[in-house]
Amino acid sequence: MGLKIYLNGQIVPQEEAKISVFDHGLLYGDGVFEGIRAYNGKIFTLQEHLDRLYASAGAISLTIPISKAEMGEAIKNTMAANNLTNSYIRLVVTRGVGKLGLDPNKCARPQIIIITDTIELYSKALYEKGLDIVTVTTIRNHFSALDPKIKSLNYLNNILAKIESIRAGAGEALMLNKDGYVAECAGDNIFIVKDNALITPPASAGILIGITRNVVMKLAAEMGIAVKEELMTRCDLYIADECFLTGTAAEIIPVVTIDTRVIGTGKPGKITQALLKKYRDLTVHG
Ligand code: PMP
């Protein structure tokens, strides 16, 4: 059975959810998006995702034609139409249908798409075994070119990184910034544990400010674990006690090798596992 999709105020069968070839989201990657999860019928950190979506849109001078409250309602209605209580929600706002040529002012009205579906990013076995990741040569976008804070439809920087990691047989791509400091992975933020404290790159490293990252930092503080936002080099990662990635789809996934170097014991670390347990408690029980 096909999915029901929200498209510009209507919920339609997926076969009818079609976008014009003149949409600038398609032609130029001109638009913004979000990935959100719902657990047991509750949309996790909905407000934070809506805030980031509207901030991303603001940063590219795109005015979303409905309010955050209306967007939240639209998500709930789409989930209900699909009988979903546990779901991955993809929210997309494109610049809309325009003419050939970059000018966004030629686009009449942004298009809003909501897809609610299920997703499994990493297998259950990988959470037990841990992920192998590699540093890629594609550097993270410089903030003066395209700020990684903006979750835009222009994801080629990340896709080029992902292609490199796939070719290397690794589970994720570690991206450095133009100064050589650790930024983030192609689709996840990165943390290490060193001497029982968490360290993650600061916003100034040029990263997407992950919502899972923020939740994990808060959980760690509640657990009495020190959290530091510091610039790190690859060397800092190699000598870490533990390493893990965070993301809406990935939640918290342990990393056991980076560039074939074994991190810590080579198994998912104790603090990583404790955080994952707390995170799952929070998402499932609220
Ligand atoms: N960095 C990038 C580049 C991402 O695309 C994502 C989302 N997949 C993340 C980090 C994690 O962000 P969040 O926790 O908000 O999903």
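Helices (H or I, at least four residues) and strands (E, at least two) are DSSP runs, numbered from the N terminus. By that naming, the loop between strand E10 (189–194) and strand E11 (197–200) holds Asn196.

The model is predicted, so local features need pLDDT of at least 70 and side-chain atom pairs count only at pLDDT 80 or more, while totals for chains, interfaces and linings use all residues. Residues are numbered from 1 along each chain as its sequence is written, and side-chain values use heavy atoms, with hydrogens and water left out.

**Stop 1: two asparagines with positive phi**

Select Asn196. Its phi is positive, about 65°, although Asn196 is not a glycine. Most residues other than glycine have a negative phi. Asn196 counts as exposed because its relative accessible area is 58%; exposed means over 50%, buried under 20%, and partly exposed in between (1.4 Å probe, protein chains only).

Go next to Asn83, in the loop between helix H3 (68–81) and E5. Phi of Asn83 is near 55°, again a positive value in a residue other than glycine. With a relative accessible area of 72%, Asn83 is exposed.

**Stop 2: Arg95**

Select Arg95, in the loop between strand E5 (87–94) and strand E6 (111–117). Arg95 is buried, at a relative accessible area of 10%. Show its side chain together with Asp30: the two side chains make a polar contact at 2.8 Å. A polar contact is a pair of N or O atoms within 3.5 Å; within protein, one must be able to donate a hydrogen and the other to accept it, and residues adjacent in sequence count only if both atoms are side-chain atoms. Then add Ile60, whose backbone oxygen is reached by the side chain of Arg95 at 2.8 Å.

**Stop 3: the ligand**

Select the ligand, which sits in the largest pocket. A pocket is found on a 1 Å grid over the protein atoms alone, as an open set of points where a 1.4 Å probe fits, with protein on both sides within 12 Å along at least five of seven lines. A molecule sits in a pocket if more than half of its atoms lie within 2 Å of its grid points.

Which elements give two or more residues to the shell around the ligand? They are strand E9 (182–185), helix H6 (211–222) and strand E13 (242–247).

Expand the selection to residues with a heavy atom within 4 Å of the ligand. Of the 18 residues around it, Tyr155, Glu184, Ile211, Thr212 and Thr248 come nearest. The shell divides into 5 nonpolar, 8 polar and 5 charged residues.

Now display the distances to ligand oxygen atoms. An N or O atom in the side chain of Thr212 is 2.6 Å from one. A backbone N or O atom of Ile211 lies 2.8 Å from a ligand oxygen, and a polar side-chain atom of Arg52 is likewise 2.8 Å from a ligand oxygen. Taken alone, the ligand exposes 390 Å², and the protein buries 92% of that (Shrake-Rupley method, 1.4 Å probe).

**Stop 4: Glu184**

Stay with Glu184, in strand E9. Is Glu184 buried or exposed? Glu184 is buried, with a relative accessible area of 4%. A polar atom of its side chain lies 3.1 Å from the backbone nitrogen of Leu208.

**Stop 5: Gly269**

Finish at Gly269, in the loop between strand E15 (261–262) and helix H8 (270–285). Gly269 counts as buried at 11% relative accessibility. Add Glu242: the C-alpha atoms of Gly269 and Glu242 are separated by 5.4 Å, with the residues 27 apart along the chain.

Conventions: On a 1 Å grid over the protein atoms alone, a cavity is a set of points where a 1.4 Å probe fits but cannot get out, and a pocket is an open set with protein on both sides within 12 Å along at least five of seven lines; lining residues have an atom within 4 Å of a point. Ala, Val, Leu, Ile, Met, Phe, Trp, Tyr, Cys and Pro count as nonpolar, Asp, Glu, Lys and Arg as charged, and the others, Gly among them, as polar.
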